[in-house]
Amino acid sequence: MKPSNRVPSDIDLASLSIDVRGELDMPSRRLFGKRILTLGGLAMLTGCSLSDDKSVDTFLASVSRMNDRVQAWLFDPNRLAPTYTEAQITRPFPFNAFYGIDEVPHVDGSDFRLKVSGLVRNRKDWTLAELYALPQAEQITRHICVEGWSAIGRWGGTPFAEFLKRVGADTSAKYVGFKCADDYYESIDMRTALHPQTLLTFTFDGQQLPEKYGYPMKLRMPTKLGYKNPKHIMEIFVTNTFPGGYWVDQGYNWFGGS
Ligand SMILES: Nc1nc2c(c(=O)[nH]1)N[C@H]1C(S)=C(S)[C@@H](COP(=O)(O)O)O[C@H]1N2
Ligand SMILES: [Mo]
């Protein structure tokens with residue numbers, strides 16, 4: 001399927017912006033922990049199958065009309081995102097970043113160390129070999145970008161919940177944050193971090209993750225919009241202080257239509 005590259009005209013990003021920190025801290029928002037929006041749930045609510053470009057555009061337009069609070073109350077965090085067959089993979093898979101493909105960061109894998117910090121018991125740095133030796137899983141899922149395109153890809157890596165367990169993360173903490181080799185940064189809620197389809201990925205389509213898709217690793221969450229999925233991850237930290245993200249700090253909603 002060819003990405004449409006069309007920005008749905010009725011997406012009003014400004015209207016998505018709320019102070020999510022206030023929302024999370026209010027006791028009356030306790031449901032937050034239980035019902036986090038998933039793409040699957042949203043697809044059902046908006047009546048979109050997410051099976052073709054038009055359906056995805058309609059879906060994105062619907063999502064843009066809901067604010068974070070509405071989303072947080074409505075959805076079951078344990079719902080699984082749809083998976084696809086090998087034949088449905090989008091080829092070539094699109095590249096996207098806040099810069100052009102010529103500026104993709106180059107990370108040297110041989111002396112690379114993933115930093116793990118914050119509320120974790122084991123602050124050791126990880127080599128790629130150590131990460132590759134962790135239990136591996138694969139998924140063929142749809143990546144949906146707010147810019148109006150979506151594509152199906154196949155990613156392989158270690159279940160993020162498993163990784164968090166190995167580093168002794170405090171899973172009662174609120175957020176997991178990511179620092180990337182470019183100036184990108186992101187953060188996600190702990191429920192999503194522990195979701196069974198959230199993978200710390202090292203491969204794309206059975207090959208080492210290409211530079212353009214986020215070498216050495218990308219966090220892949222089919223329950224989140226594309227911009228929530230950080231590429232070129234250099235550091236992972238666990239925190240109770242809202243870390244924000246590259247786009248949310250410019251007005252996108254923090255849940256990312258998740
Ligand atoms: N480090 C980093 N991660 C990033 C971005 C970025 O610019 N830098 N862009 C995000 C956006 S908006 C999208 S749609 C996806 C694109 O991933 P792809 O190149 O694998 O399609 O990466 C996300 N993660
Ligand atoms: Mo995106």
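Select strand S6, residues 199-204. Of its 6 residues, 5 are buried (under 20% relative accessible area, against over 50% for exposed and partly exposed in between; 1.4 Å probe, protein chains only). Strands here are DSSP runs of E, at least two residues, numbered from the N terminus. This is a predicted model, where local features need pLDDT of at least 70, side-chain atom pairs count only at pLDDT 80 or more, and totals for chains, interfaces and linings use all residues. Residues are numbered from 1 along each chain as its sequence is written, and side-chain values use heavy atoms, without hydrogens and water.

Next, the partners of S6. Strands pair if DSSP finds at least two bridges between them.

- Add S3, residues 149-159: S3 and S6 pair antiparallel over 5 bridges. Thr158 sits opposite Leu200 of S6.
- Add S8: 3 bridges link S8 to S6, again antiparallel. Pick Leu199; its bridge partner in S8 is Arg220.
- Add S7, residues 207-208: S7 joins S6 antiparallel through 2 bridges. Phe204 is bridged to Gln207.

Stop at the S6–S7 hairpin, where 2 residues lie between the strands. Asp205 in that turn has a positive phi of about 55°.

Now move to Lys231, in the loop between S8 (218-220) and S9 (233-239). Lys231 is buried but has no salt bridge (side-chain nitrogen of Lys or Arg within 4 Å of a carboxyl oxygen of Asp or Glu). Asp182, the nearest side chain of opposite charge, is 6.8 Å away. Show the backbone oxygen of Asn96: a polar atom of the Lys231 side chain lies 2.9 Å from it. Finally, display the residues that Lys231 touches (heavy atoms within 4.5 Å), among them Phe95, Cys180, Tyr213 and Met217.

Key:
Chains are lettered from A and ligands numbered from 1 in the order in which they are written. Helices (H or I, at least four residues) and strands (E, at least two) are DSSP runs, numbered from the N terminus. Lys and Arg count as positive and Asp and Glu as negative; His and the chain ends are not counted. A polar contact is a pair of N or O atoms within 3.5 Å; within protein, one must be able to donate a hydrogen and the other to accept it, and residues adjacent in sequence count only if both atoms are side-chain atoms. Lists of a residue's contacts leave out its neighbours within four places in sequence.
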